[in-house]
Structures are given as C-alpha cells and as structure tokens.
2 protein chains.
Amino acid sequence: MELKTQIHAKDGEQELHITRQFDLPVELIFKAYVEADIVAQWMGTNVIKLEAKRHGSYQLETTDPKGNKHRFSGTIHDCTPQQKIIRTFEMEGTPFGVQLEIYTFEALSESTSKLSMHVIYESVALRDQVLQLPFKQGINMAHNRIEELLRKQK
Amino acid sequence: MELKTQIHAKDGEQELHITRQFDLPVELIFKAYVEADIVAQWMGTNVIKLEAKRHGSYQLETTDPKGNKHRFSGTIHDCTPQQKIIRTFEMEGTPFGVQLEIYTFEALSESTSKLSMHVIYESVALRDQVLQLPFKQGINMAHNRIEELLRKQK
C-alpha cells in the first residue's frame, strides 16, 4: 500500500523532498509544529523548549523502551505562521550531522492542506545513512498521528 | 596570482568547500568570528546582535556607497571555541535563500591556523548564482583584512 507521506530522494543528492497532504486545515497542521503540547503528543516526546519564532530554538527528548534518553534539537531560522518554518535539526550524540530543514505549509482548501519538507544534509553519504533507518515508515506514522490527534480538534 | 582563500565547487553540487590558512593562532582567528568589535572591523558592518553560543543568533548590517542598508542574519546552531561554528546565513531580502554553514577551525602550529568553511545551499542553482557574484575575490579580501587586523594583536 502506498504511504500517504511520500519521500523523494534522487541518487547522488544531499537532500530529500517529502510531501504529505492532510485532511486538516493549514492552521491546524501548522500548530502541530509550533505548539509544545501538540508536538509532545504526536511525537511522543518531552518538549524541553520550543521557541517557535524567528531566531528561536528547540530541544525535544524521547525515552526509548530501555529507558535511554535521546535528544533532538536545533535553531529556528524563521517561522511564518501558516506558511513556513526554516530550522536546523540534529539528533544529539549521533554521527548524522546537522540538517537544514525548510517546511512549507499550503492550504489546498478550507479543510485540507499540504506540507512540503525540504531536508538538506551535510553530505550525500549522511543522507543515505538516514535513509537506511526505518525513516519512511516512521515519518508516515508520525504524520498519521498528527491527523488522528487534530481531527478531533477540527 | 593564486588567491590565499581557495574555493572548491564541484559541478552539480549544492555546496562549497572554502579553505584558508592564516598566519595567526587559532584563538585569534576564532575571535574574528565571535567577537562583535572584531567582526565589525573586518567585515565593515554594524553588528546589530551576535550571540556566539549554542542556539544563539546574529544580525549584521552594511551600508553601501549609495546609503542603502543590507542585512545579513541567521541562527547559531553550535559554537565550540577554537573548533567549530555551525550556523545558518541569509542575505535578507534577496532570492538566495538560507545557507547552512559549518566552519571548522584548526591549529596548524602555535602561530598558524586553518579555517575550513563548508557552505550548503538550498539548491545547485542558488549556489551557482552566488558564485556569479564577485564572491571569490570578496572572501579572499575579507580574509586578508582579518589577517592584517589581528596581526597587530598577536
């Protein structure tokens, strides 16, 4: 079955383009990326900080089944409500480096929207390593959770 | 004459590797990127803010001969003294997008050092547009100014 979240990765490039259409208005899908309580729910993380503004930053923490903590963090270069987030992203303590991420939000109708994620890695090799992780299924499941969670709030 | 600052740009890639050796100790060359008064001198800019720390940010402003102001800004993802700066960079109000920049500082001896700049663009096309600017000469001149300015402080 085709996943609703689609990942486009061309051979030899150091970037990914990820797209997803949501049965949610653009205001709600944007909230899923900037409001700490909503982020905590769909990502299953502890939100240590989330300053969703130009020149802000964020840090999230998950606990795996063995009780180990993993932290994800970065800076927020720009944040334009309902339109765009430009941020850096790092899985702390891993060799995957720092990514530049450009998220573009679009209303398709009053009740549907599209998220386009442009993710740029430090190298082709690092991008390809990330693609070896259970990344495709993971991001699709995460986006499904956003939809389930926020559908109730429509 | 070969420029001291060397730019390595492979066809079809969305990144640049820039290297420069300085007749300055690594402590001084690192200062040239994190201390506002030194940045102001070699870049010829007004430093509006420069929070040289993990999850900090910066904004610089230049005035051109016609009196027009140009702003450059970004976030500082990470800042490790004498070793590394990871930041975003944007020429505000231009179509060049946001860059991810990884600067690595290395001591070559007590009095010499090397700066390696890895600059990653949103696309190959944007990188190639930046290379059309008088970029090569500009960055070499700027690095020469750092050397002249800080040689007096050795």
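**The interface of chain A and chain B, and a helix pair in chain A**

In the contact between the two chains, chain A and chain B contribute 25 residues each. The structure is a predicted model, and the values here are computed from it. Together, chain A and chain B bury about 1800 Å², with 59% of this area on carbon and sulfur atoms.

Polar and charged links also span this interface. Four salt bridges are counted between chain A and chain B. In one salt bridge, A:R54 pairs with B:E90, and their closest N and O atoms lie 3.3 Å apart. Polar contacts across the interface amount to 13 residue pairs, both partners being at pLDDT 80 or more. On the side of chain A that touches chain B, at least two residues come from each of the strands β4 (56-63), β5 (69-80), β6 (84-91), β7 (98-107) and β8 (113-120). The largest share of that side belongs to β5(A), with five residues. Sorted by class, the side of chain A that touches chain B holds eleven polar, eight nonpolar and six charged residues.

Turning to the helices, two packed helices are described by the angle between their axes and the distance between the axes. In chain A, helix α1 (residues 26-34) and helix α4 (residues 135-151) have axes that come within 11 Å and cross at roughly 115 degrees. This crossing of α1(A) and α4(A) is right-handed. From α1(A), the contact draws on A:L28, A:I29, A:A32 and A:Y33, while α4(A) provides A:H143, A:I146 and A:L150. Six residues of this contact of α1(A) with α4(A) are nonpolar and one is polar, with no charged residue.

Methods. Residues numbered from 1 in each chain as written. Chains lettered and ligands numbered in written order. Predicted model: local features only at pLDDT ≥ 70, side-chain atom pairs only at ≥ 80, totals over all residues. Heavy atoms only, no water. Axes fitted to C-alpha atoms, helices over the stretch in contact; angles between N-to-C directions. Helix = DSSP H or I, 4+ residues; strand = E, 2+ residues; numbered from the N terminus. Left-handed = near helix turned anticlockwise from the far one by under 90°. Contact = heavy atoms within 4.5 Å. Nonpolar A, V, L, I, M, F, W, Y, C, P; charged D, E, K, R; others polar. Buried area = accessible area lost by both parts, 1.4 Å probe. Salt bridge = Lys/Arg side-chain N within 4 Å of Asp/Glu carboxyl O. Polar contact = N/O pair within 3.5 Å; in protein donor to acceptor, adjacent residues only side chain to side chain.
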